[in-house]
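Here is a short report to read alongside the sequence and the 3D view. Take a look at the fold before reading on.

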Amino acid sequence: MLPESECLKGREKPIPGAPDKGAKHYVFKTPLYPPFAKGSEMISLGMGCFWCSESLFWDTKENLMYRLHQITNSLTLPVTRIVYDPKVCSLSTILKIFFESHNPTQHMGQGNDRGTQYRSGLYYYNKDQKPVIEAQLTAYQKALKEQGHGEIATEVTNPARACM
């Protein structure tokens with residue numbers, strides 16, 4: 001990751017056209033902004049195209065929101081932010097959908113789409129999520145290697161460290 005001095009400063013005002021603070025998810029009618037239900041956790045997933053990735057998680061019945069995360073001065077990554085109740089839908093279930101719905105071994109691209117905006121990324125919000133992510137990465141890497149695929153190129157970090 002780049003040092004903070006090389007990252008864009010945050011906005012003083014929301015992005016024009018962004019949903020207002022009281023907005024609800026179109027499908028689930030859940031809030032798009034905090035405060036979320038007590039016990040909720042959050043993770044952001046970048047897997048190429050947002051429009052396809054959001055719908056993959058609809059069956060989990062979790063709160064989804066598109067975000068365009070600014071990673072550095074010029075690198076952006078569309079992500080799906082998922083606010084979930086771990087008693088209803090485990091992080092492992094979310095990660096299974098993530099790893100099995102795109103190619104995590106493709107560096108800076110998905111299929112024929114190339115560029116930083118198509119890379120694979122997992123952005124966790126609390127330290128308890130990291131070991132679950134690491135265990136899933138290890139398991140999927142083993143399975144991919146056995147099938148003759150390359151190394152997982154998924155970026156894994158806390159959003160606070162990614163200039164978001």
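## A stacked pair in the interior

Phe 99 and Tyr 140 are both buried. In this predicted model, the ring centres of Phe 99 and Tyr 140 lie 4.9 Å apart with their planes at 25°, so the two rings count as stacked. The pair ties together distant parts of the chain: Phe 99 belongs to helix α2 (residues 91-100) and Tyr 140 to helix α3, 41 residues apart. Phe 99 has a relative accessible area of 5%.

The structure holds two aromatic pairs. Phe 98 and Phe 99 form an edge-to-face pair, with 5.0 Å from centre to centre and 75° between the planes. Phe 98 is buried as well, at a relative accessible area of 0%. Through these ring pairs, Phe 98, Phe 99 and Tyr 140 become linked into a cluster.

## The overall layout

How many helices and strands does the chain have? There are three helices and seven strands, and starting at the N terminus they follow the order β-α-β-β-α-β-β-β-α-β. Of the 164 residues in the chain, 40% are buried.

Among contacts with a separation of 6 or more, 69% are between residues 24 or more positions apart. The chain exposes about 9,800 Å², and carbon and sulfur atoms supply 55% of that area.

## Strands β1, β6 and β7

Let us turn to the strands. Strand β1 (residues 41-47) has five of its seven residues buried, so it is largely enclosed by the rest of the structure. Its partner is strand β6 (residues 120-124): the two run antiparallel and are joined by five bridges. Ser 44 has Tyr 123 in β6 as its bridge partner, while Met 47 is matched with Ser 120 in β6.

Is β6 enclosed or open? Five of the five residues of β6 are buried, so this strand is largely enclosed by the rest of the structure. Ser 120, Leu 122 and Tyr 124 point one way from β6, Gly 121 and Tyr 123 point the other way, and all are buried. β6 also pairs with strand β7 (residues 155-157), this time in parallel, through three bridges. Gly 121 stands opposite Glu 155 in β7.

## Two glutamines in helix α3

Helix α3 (residues 129-146) includes Gln 129. With a relative accessibility of 1%, Gln 129 counts as buried. What does the side chain of Gln 129 reach? It reaches the backbone oxygen of Met 42, at 2.9 Å. Leaving aside residues up to four places away in sequence, Gln 129 touches Glu 41, Met 42, Ile 43, Tyr 84, Leu 91 and Tyr 124.

Gln 141 is found in helix α3 too. Its relative accessibility is 15%, and because buried means under 20%, Gln 141 counts as buried. A polar atom of the Gln 141 side chain lies 3.2 Å from the backbone oxygen of Gly 150. Not counting residues up to four places away in sequence, Gln 141 touches Gly 150, Glu 151 and Ile 152.

## The segment before β1

Now for the segment before β1, where Pro 35 is found. What kind of peptide bond joins Pro 34 and Pro 35? The bond is cis, with omega at about 5°.

Phe 36 is found in the segment before β1 as well. With a relative accessible area of 21%, Phe 36 is partly exposed. In sequence Phe 36 and Tyr 84 are 48 residues apart, and in space they are 9.4 Å apart, C-alpha to C-alpha. One more ring is worth finding in the 3D view: the charged end of Lys 21 sits over the ring of Tyr 33, 4.5 Å from its centre.

Notes:
Residues numbered from 1 in each chain as written. Predicted model: local features only at pLDDT ≥ 70, side-chain atom pairs only at ≥ 80, totals over all residues. Heavy atoms only, no water. Helix = DSSP H or I, 4+ residues; strand = E, 2+ residues; numbered from the N terminus. Buried < 20%, exposed > 50% of the residue type's maximum accessible area, 1.4 Å probe, protein only. Contact = heavy atoms within 4.5 Å. Areas by Shrake-Rupley, 256 points an atom, 1.4 Å probe, with all protein chains shown as cover. Polar contact = N/O pair within 3.5 Å; in protein donor to acceptor, adjacent residues only side chain to side chain. Phe/Tyr/Trp six-rings, centres within 6.5 Å; stacked < 30°, edge-to-face > 60°. Lys NZ or Arg CZ within 6 Å of the ring centre and 35° of its normal. Pairing = 2+ DSSP bridges.
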